[in-house]
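Q: I would like to learn how to read a protein model feature by feature, beginning with the fold and ending with single residues. Could you take me through one, giving the general idea before each case?

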Amino acid sequence: MRVTETFFPVKENWEEQRKMAAHSSNMQWIFPLTSTPASCQPPSHCQSCICKGPSLVTMVRWTAEEKQFITSLWGKINVEECGGEALARLLIVYPWTQRFFSSFGNLSSPTAIMGNPKVRAHGKKVLTSFGDAVKNLDNIKATYSKLSELHCNKLHVDPENFRLLGDVLIIVLATHFGREFTPACQAAWQKLAGVVAHALAHEYH
């Protein structure tokens, strides 16, 4: 099974991180482990709305039409192109997220970010891991449980970033698929992005 990588990096406790990765053979890091920004607060301080209220992950129900919209479009997505663009847009539109990617080289301008090969390659990994949700629509919470634990207990990432990345992905899909990305299709994908964000934020609750 394809593995998932971390969304945001750290450099401390490398050996412990390797053990965690080895413990779950179907998980890999989504974002490279390099450094934890000093401004990051522990998850207990997170005030993001994603941490509050009943879990969407436990409440979600998929209609046959929603599943069809998701799986049919996924089969047409160029993961490298859309993934790279989604991550680049995240770093440009929400520049504070760049602090997690200091090892990626030149992030000085939108042009530099869009042309950065590390951003493009890593965006591909991110969207590839998103495919785990597409293949496990009825078990997304369990699919991302280890990744959620990692981001909560090790990386201390504000879970709001998961929602932002999902919203950016929806914009990228709309630009790439145009009329095919109908309002009904968008609704299904927006729902999926929300469920994935909640699953990743599960350990913060």
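**Reading a helical model step by step**

Q: Where should I start, and how many helices and strands does the protein have?

A: Begin with the kind of model and its secondary structure, before any side chain. This is a predicted model, and the protein in it has ten helices and zero strands. Read along the sequence, the pattern is therefore simply α-α-α-α-α-α-α-α-α-α.

Q: What share of the residues counts as buried, and what supplies the exposed surface?

A: Burial and surface are read as totals over the protein before one turns to single residues. Of the 205 residues, 50% count as buried. The protein exposes about 9800 Å², and carbon and sulfur atoms supply 54% of that area. It is also useful to ask how far along the chain the contacts reach: among contacts between residues at least 6 apart in sequence, 80% join residues at least 24 apart.

Q: How do I read the two sides of a helix, and which residues of α3 are buried?

A: The general idea is that an α-helix has 3.6 residues a turn, so residues three or four places apart point the same way. In helix α3, which covers residues 64–74, the buried residues are E66, I70, L73 and W74. They cover an arc of only 110° around the axis, which puts them on the same side of α3. On the other side of α3, A64 and E65 are exposed.

Q: What do the buried residues of α3 pack against?

A: They pack against α4 (79–93), α6, α9 (160–177) and α10. W74, which is found in helix α3, gives a case at the level of one residue. With a relative accessible area of 18%, W74 is buried, because the cut-off for burial is under 20%. Leaving aside neighbours within four places in sequence, W74 is in contact with V79, L127, F130, G131, V134 and W189. The C-alpha atoms of W74 and K135 are 9.9 Å apart in space, although these residues are 61 apart in sequence.

Q: How can I judge the span of a helix, and how far does α6 reach from its first C-alpha to its last?

A: One compares the end-to-end distance with the span expected at 1.5 Å a residue. Helix α6 has 19 residues and reaches 28 Å, close to the expected 27 Å. Helix α10 has 18 residues and reaches 26 Å, close to the 26 Å expected.

Q: Which parts cover the buried residues of α6?

A: The cover includes α3, α4, α5, α7 (140–143), α9 and α10. Among the buried residues of α6 are V119, H122, V126, L127 and F130, while those of α10 include C185, A188, W189, L192 and A193.

Q: How do I look for aromatic pairs, and how many does a search of the whole structure find?

A: One considers both the distance between ring centres and the angle between the ring planes. The search finds three aromatic pairs. One of them, F130 with W189, is stacked, at 6.2 Å centre to centre and 15° between the planes. F130 lies in helix α6 (residues 117–135) and W189 in helix α10 (residues 183–200), so the pair ties together parts that are 59 residues apart in sequence. F130 counts as buried at 10% relative accessibility, and W189 is buried with a relative accessible area of 1%.

Q: Where does the charged end of K191 sit?

A: A ring can also be read together with a charge placed over it. The charged end of K191 sits over the ring of W62, 4.8 Å from its centre.

Q: Which other residues bring separate stretches of the chain together?

A: Here one sets the separation in sequence beside the separation in space. V79, found in helix α4, has its C-alpha 8.4 Å from that of K125, 46 residues apart along the chain. Leaving aside neighbours within four places, V79 is in contact with W74, G84, K124, L127 and T128. L165 lies in helix α9 and is buried, with a relative accessible area of 10%; L165 and A193 are 28 residues apart in sequence and 8.5 Å apart in space, C-alpha to C-alpha. Y94 has its place in the loop between α4 and α5 (110–114), and touches R89, L164 and V168, not counting residues up to four places away in sequence.

Definitions and conventions: Residues numbered from 1 in each chain as written. Predicted model: local features only at pLDDT ≥ 70, side-chain atom pairs only at ≥ 80, totals over all residues. Heavy atoms only, no water. Phe/Tyr/Trp six-rings, centres within 6.5 Å; stacked < 30°, edge-to-face > 60°. Helix = DSSP H or I, 4+ residues; strand = E, 2+ residues; numbered from the N terminus. Buried < 20%, exposed > 50% of the residue type's maximum accessible area, 1.4 Å probe, protein only. Lys NZ or Arg CZ within 6 Å of the ring centre and 35° of its normal. Arc of directions from axis to C-beta. Contact = heavy atoms within 4.5 Å. Areas by Shrake-Rupley, 256 points an atom, 1.4 Å probe, with all protein chains shown as cover. Expected span 1.5 Å × (residues − 1).
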